[in-house]
Amino acid sequence: MTDTWASGRVALITGATSGFGEAMARRLLAAGAHVIATGRRAERLTALAAELASDRLLTRVLDVRDPSSIDALMADLPAPFDAIDILYNNVGLALGLSKAQEASLDDWQTMIDTDVTGLVRMTRAVLPGMVARNRGDVINLSSVAASYPYPGGNVYGATKAFVRQFSLNLRSDLLGTKVRVTSIEPGMADTEFSVVRFKGDQASADKVYAGVHAMSADDVALVCESVLKLPAHI
């Protein structure tokens, strides 16, 4: 029997061109949802759309750091993709592992703009519709780095601590509605994350996972699926 637990739901996924976002897009589409897969890399989105070939998949180029990009996306969602009731705030990145006194300010700003400001803007764009319809799930991708510091994790860990606290405060604001907020805080997962952190240095990225049975992107998507399958009051 086909598992159609997400049938009738509309999901907007940021960072769907790889890793956690792509894995979640595949799971939701397979489970019957309408999926808006977004990301900055148009060629990746084109390839995903060609592979999955579904009228329930809508791909859109989106840069969460650019307010006009978010506005254009939200203003141009056709039916039946416009009543979003799952927001998967996945897009994020770490850059570098330098100690704070040596780190690049540009890298710090990029992490803040993406992991904090971009997530906040996406949430604010989608949340009013969820509240008006009195249903929805906001899933924010934080990290174990939100709780456990490590050398060189300075601003990245701080951005993820923000995501966790923002999620808790959203729950307070949404008390009395049927909109649920969940902060997912994965540990080590073997995705493009470390390649990005080391700016394309695959050898350095591989060392991060040496001797470790790291999670896969689909492992994290499975956790998120388990949350979405719960009754709405949990």
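V138 belongs to strand 5, which covers residues 136-141. In this predicted model, V138 is buried, because its relative accessible area is 1% and the limit for burial is under 20%. D71 offers a contrast: this residue lies in helix 3 (residues 67-75) and is exposed, with a relative accessible area of 52%.

**Surroundings of V138**

- Which residues does V138 touch, apart from its neighbours within four places in sequence? The contacts are L87, N89, L127, M130, V179, R180, V181 and T182.
- V138 and I86 stand 52 residues apart along the chain, and a distance of 5.9 Å separates their C-alpha atoms.

**Position of D71**

- The relative accessible area of D71 is 52%, so D71 passes the limit of over 50% and counts as exposed.
- Between the C-alpha atoms of D71 and S142 there is a separation of 24 Å, and their positions lie 71 residues apart along the chain when counted as a separation in sequence.

**Overall fold**

- The protein contains eight helices and six strands.
- Read from the N terminus, the order of these elements is β-α-β-α-β-α-β-α-β-α-β-α-α-α.
- The protein is as compact as a globular protein of its length, because its radius of gyration of 17 Å is close to the 17 Å given by the globule rule for 234 residues.
- The C-alpha trace spans about 50 × 40 × 35 Å along its principal axes.
- Among contacts with a separation of 6 or more, 69% join residues that are 24 or more positions apart.

**Burial, surface and charge**

- Of the 234 residues in the protein, 44% are buried.
- The exposed area of the protein is about 11300 Å², and carbon and sulfur atoms supply 55% of this area.
- The side chains include 23 positive and 26 negative ones, and the centres of these two sets lie 4 Å apart.

**The aromatic pair**

- How many aromatic pairs does the structure hold? There is one aromatic pair.
- F162 and F166 form this pair, which is stacked, with 5.7 Å from centre to centre and 15 degrees between the planes.
- Both residues lie in helix 5 (residues 154-173); because F162 and F166 are four residues apart there, about one helical turn separates them.
- Is each partner buried or partly exposed? F162 is partly exposed, with a relative accessible area of 33%, whereas F166 counts as buried at 18% relative accessibility.

How values were computed
Residues are numbered from 1 along each chain as its sequence is written. This is a predicted model: local features need pLDDT of at least 70, side-chain atom pairs count only at pLDDT 80 or more; totals for chains, interfaces and linings use all residues. Side-chain values use heavy atoms; hydrogens and water are left out. Helices (H or I, at least four residues) and strands (E, at least two) are DSSP runs, numbered from the N terminus. Buried means under 20% relative accessible area, exposed over 50%, partly exposed in between (1.4 Å probe, protein chains only). Contact means heavy atoms within 4.5 Å. The radius of gyration is taken over C-alpha atoms; the globule rule is 2.2 Å times the number of residues to the power 0.38. Accessible areas come from the Shrake-Rupley method with a 1.4 Å probe; for residues, only the protein chains shown count as cover. Lys and Arg count as positive and Asp and Glu as negative; His and the chain ends are not counted. The place of a charge is taken as NZ of Lys, CZ of Arg, CG of Asp or CD of Glu. Rings of Phe, Tyr and Trp (its six-membered ring) pair if their centres lie within 6.5 Å; planes under 30 degrees apart count as stacked, over 60 as edge-to-face and the rest as tilted.
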